[in-house]
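Work through the exercises below with the sequence and the structure at hand, and try each task before you read its solution.

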Amino acid sequence: MITALPFVHPDEIRARFSSAMSNMYQTEVPLYSDLLQLVAETNNQTMEQSPELTRHLLRTGEIERLNMERHGAIRVGTAAELATLRRLFAVMGMVPVGYYDLAPAGVPVHSTAFRAVHEASLQICPFRIFTSLLRLELIERPEMRQQAVDILAKRNIFTPRLIELIVKHETAGGLADNDTADFITESLETFRWHNQATVSVEIYQQLHDQHRLIADVVAFKGPHINHLTPRTLNIDAVQAAMPKHNIPPKAVIEGPPPRHCPILLRQTSFKALEEKVAFVSSDGQIIQGNHTARFGEIEQRGAALTAKGRNLYDRLLQAAQDQLQTPANEENAAQYMAILSEKFSQFPDNYPAMRAEKLAFFRYFPTEKKLGGSATSIQNLTLDELIGAGFIQFEPLVYEDFLPVSAAGIFQSNLGDKGQNHFAGHSSKQDFQRDLGADVVDELQLYEKTQQRSLTACAAALKLTSLSL
Ligand code: OOG
Ligand code: NI
């Protein structure tokens with residue numbers, strides 16, 4: 001009798017992959033290791049100093065995922081590469097969520113984030129990967145565009161064994177333990193750093209003159225992971241401590257200002273490293289040179305906002321940038337932060353108000369309060385009344401996604417000052433989805449569903465026939 005080997009759960013594959021990726025990046029970029037240590041120390045201190053925050057992390061379970069929480073970023077050059085990545089990430093239960101157009105901010109890419117979608121899966125491993133596709137159509141000179149297309153057409157970023165395992169997953173419905181180990185080793189091959197370029201130093205320079213990003217995507221064997229970002233509970237503290245640890249931070253933290261109740265995402269990064277690269281001429285001659293691509297980043301995550309909350313966020317951020325007039329930089333960083341805080345005084349900074357005004361998504365939990373003889377008497381209570389009577393508590397849902405303006409700021413800080421201000425050309429979500437071979441998931445619907453599932457669980461615990469917002 002043949003017994004089928006049990007499949008490893010995609011959540012487990014993702015957890016193993018995320019940890020293997022982190023180990024690989026620690027050996028590739030030792031400064032990332034130092035950053036991890038700094039973040040872990042700061043997180044412990046922050047929790048010691050704030051019992052309220054610790055209680056919140058315990059209630060939502062976030063405390064268990066904190067130390068393994070990270071996101072990475074990669075950039076690819078062709079539709080075929082992007083579509084195969086989608087199939088690769090599907091093995092780990094990661095699907096494309098959201099569409100980010102970075103062209104208006106001067107970065108010739110559009111992107112999505114591969115991640116798990118269900119709160120139970122996110123709890124096991126929230127690993128996400130920001131994935132960008134180079135928009136070759138934005139390269140102005142046709143002969144350069146064609147050259148990039150030709151170079152990219154020659155490379156294969158996936159090993160044959162990896163493709164075999166992806167197909168096996170698709171046809172059999174999963175991967176067994178030994179295949180999982182192979183899958184992880186083989187996929188790391190796609191994301192590791194190659195210190196040999198695929199082009200000559202002259203071609204590299206031409207690509208680089210068009211845009212540094214074009215050189216980074218086109219001149220190498222594969223989409224090297226360009227950063228891995230741990231999650232901190234206090235980004236201001238880490239930003240302040242970075243220089244003392246010889247980790248140079250960018251001038252300003254991207255995203256909202258510091259708040260009592262954090263929202264969305266705040267991010268900062270350290271400058272890209274200059275790394276030695278061997279360029280190969282057509283006659284096989286090797287010339288040593290440099291390339292800067294890989295950097296480090298940290299982030300602090302807060303509440304996921306509803307469409308209404310997000311509109312308010314976008315409006316206040318824009319107002320702050322309009323008032324500053326020039327892009328935030330080293331000289332005006334303090335002034336920018338002051339303007340930002342002033343603008344955001346319009347965004348309520350306590351959870352009950354954010355809930356009442358429907359600015360954020362929440363997760364509802366039944367409390368310890370016993371029903372006693374009140375099972376029938378609470379039947380007709382509204383959610384607000386049940387909260388008021390102490391039967392239900394709520395916690396903000398953590399934002400699992402990215403912010404296009406912040407992402408562009410992170411890109412820019414690593415692309416130097418020569419970057420173009422913006423690319424004309426319309427946003428093309430449809431083109432992106434065609435290249436990806438699938439539609440991207442709408443993140444707002446995911447938060448909505450998680451919120452609703454928590455209400456359903458409360459209704460069951462309190463023996464209510466239904467419960468709605
Ligand atoms: C991606 C930059 C965006 C983030 O956290 O917003 C990003 C890249 O540089 O490839 O990672
Ligand atoms: Ni990032």
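**Exercise 1.** In this predicted model, find the backbone oxygen that lies 2.9 Å from a polar atom of the side chain of Lys250, and describe the surroundings of Lys250.

*Solution.* The backbone oxygen belongs to Val252, and it lies 2.9 Å from a polar atom of the Lys250 side chain. Next, locate the residue along the chain: Lys250 is in the loop between helix H12 (235-241) and strand E6 (265-270). Its relative accessible area is 7%, and because buried means under 20%, Lys250 counts as buried. Finally, leaving aside residues up to four places away in sequence, Lys250 touches several others, including Gln239, Thr268, Gly409 and Ser413.

**Exercise 2.** Which residues are the protein donors of the nickel ion (ligand 2), and how are they spaced in sequence?

*Solution.* The donors are His71 (NE2), His227 (NE2) and Glu297 (OE), which lie 2.1 Å from the ion. In sequence, their spacing reads H-x155-H-x69-E. His71 in strand E1 (residues 70-76) and Glu297 in strand E9 (residues 296-301) are 226 residues apart, so this pair links distant parts of the chain. His71 is buried at 2% relative accessibility, and Glu297 is buried at 3%.

**Exercise 3.** Glu395 forms a salt bridge with Arg59; decide for each partner whether it is buried or partly exposed.

*Solution.* Begin with the distance, which is 2.3 Å between the closest N and O atoms. The bridge joins strand E11 (residues 392-396), which holds Glu395, to helix H3 (residues 51-60), which holds Arg59, across 336 residues. Glu395, with a relative accessible area of 5%, is buried, whereas Arg59, at 32%, is partly exposed.

Methods
Residues are numbered from 1 along each chain as its sequence is written. Chains are lettered from A and ligands numbered from 1 in the order in which they are written. This is a predicted model: local features need pLDDT of at least 70, side-chain atom pairs count only at pLDDT 80 or more; totals for chains, interfaces and linings use all residues. Side-chain values use heavy atoms; hydrogens and water are left out. Donors are N, O and S atoms within 2.8 Å of the metal (3.2 Å for Na, K and Ca); water is not among the atoms, so sites may look incomplete. Helices (H or I, at least four residues) and strands (E, at least two) are DSSP runs, numbered from the N terminus. Buried means under 20% relative accessible area, exposed over 50%, partly exposed in between (1.4 Å probe, protein chains only). A polar contact is a pair of N or O atoms within 3.5 Å; within protein, one must be able to donate a hydrogen and the other to accept it, and residues adjacent in sequence count only if both atoms are side-chain atoms. Contact means heavy atoms within 4.5 Å. A salt bridge is a side-chain nitrogen of Lys or Arg within 4 Å of a carboxyl oxygen of Asp or Glu.
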